[in-house]
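Here are a few exercises to work through with the model open. Try each task before you read its solution.

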Amino acid sequence: MPARPILIPLLFGIVCATALSALAQDLGTLQPKPLPPLDHPKDPKLAAKELFARKLKPTAGPANSIGSYAKGCLAGGEAMPITGDTWQVMRLSRNRNWGHPDMIALLKRLSVKAHKDAGWPGILVGDIGQPRGGPALSGHASHQLGIDADVWLTPMPDHLLSREEREEMSATMIVRDDRLDIDPKAWTPNHWMVLRDAAQEPAVQRIFVNAAIKKALCRDARGERSWLSKIRPWYGHDYHFHIRLRCPIGDKECKGQPDQGGGDGCSASDLAYWFKDSIIHPEPPKEPSKPAHAVTLAQMPAECRKVLNAPNAKQ
Ligand SMILES: [Zn+2]
């Protein structure tokens with residue numbers, strides 16, 4: 001039933017298809033270079049990502065997720081501390097450990113549950129968002145509101161990772177070479193427990209995983225299964241999973257998505273689309289695709305201009 005995946009909001013598809021290169025495997029650098037100042041920061045044609053990427057601190061004041069997942073920003077962002085008892089943040093050079101306080105609290109809670117339920121020492125946190133959200137210079141077009149976060153499918157090692165390890169360590173590939181199922185050498189029963197713990201959080205609306213992982217969850221999950229409906233197959237996502245929250249209560253300018261309907265998504269027809277040869281092995285485009293037009297500040301919600309121009313929080 002090829003129509004089903006179209007139910008997944010198209011917007012995410014558009015942005016995520018271009019973000020496939022931004023996986024956990026992108027290596028960081030120990031000496032990140034500051035971005036050079038812009039020659040014409042007021043140029044109306046300038047891509048908004050150039051402006052948001054140069055904001056290294058959040059705004060002061062209350063948190064507010066503004067706009068839509070792929071065209072929005074974040075006021076009052078909070079940093080995920082880079083090390084906790086049960087988590088460590090990876091790729092620090094990207095400065096993308098900023099999110100809505102609801103997301104930061106959720107990741108901390110999830111890390112404790114992963115430790116307690118799955119026996120992991122903790123979780124490895126990948127990209128959340130920039131200090132003021134918004135579009136980023138590389139990949140991850142949907143992490144703009146501070147309510148999306150990537151968690152590695154690799155348990156946290158039981159030692160404090162060095163800066164170098166955090167930039168260069170690779171996440172574990174969970175999907176088998178033929179892409180039809182998980183790699184039994186990499187997948188453990190504890191993986192489904194961590195994914196279940198994340199999906200059972202009431203504020204979580206969707207979790208994106210590779211279809212092979214969804215298939216494994218459908219097969220392996222024990223006990224109550226309603227949480228499986230939040231776990232949706234998507235391209236990539238074979239080293240990490242992507243947690244998306246609903247718009248935080250009170251964030252009136254946050255334009256979210258409807259909840260996912262339609263059962264646990266485990267029937268043969270639910271999954272068939274994702275295992276078609278044309279999806280697993282897509283034909284390369286006949287002509288190189290034109291780069292997508294980058295969003296300008298004028299095309300973003302007006303409130304995001306204020307977020308961009310507000311002074312730095314004192315922290
Ligand atoms: Zn993501």
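Buried means under 20% relative accessible area, exposed over 50%, and partly exposed in between (1.4 Å probe, protein chains only). This is a predicted model, where local features need pLDDT of at least 70, side-chain atom pairs count only at pLDDT 80 or more, and totals for chains, interfaces and linings use all residues. Residues are numbered from 1 along each chain as its sequence is written, and side-chain values use heavy atoms, with hydrogens and water left out.

**Exercise 1.** Find the protein donors of the zinc ion and work out their spacing along the chain.

*Solution.* Start with the cut-off: donors are N, O and S atoms within 2.8 Å of the metal (3.2 Å for Na, K and Ca), and sites may look incomplete because water is not among the atoms. That picks out His143 (NE2), Asp150 (OD) and His242 (ND1), lying 2.1 to 2.3 Å from the zinc ion. Next, read off the spacing: H-x6-D-x91-H. Finally, check burial: His143 is buried at 4% relative accessible area, and Asp150 is buried too, at 3%.

**Exercise 2.** Take the salt bridge between Lys185 and Asp183 and decide whether each partner is buried or exposed.

*Solution.* A salt bridge needs a side-chain nitrogen of Lys or Arg within 4 Å of a carboxyl oxygen of Asp or Glu. Lys185 and Asp183 qualify, with their closest N and O atoms 3.9 Å apart. Lys185 has a relative accessible area of 76%, so Lys185 is exposed. Asp183 comes out at 19%, so Asp183 counts as buried. For the wider tally, the structure holds 17 salt bridges.
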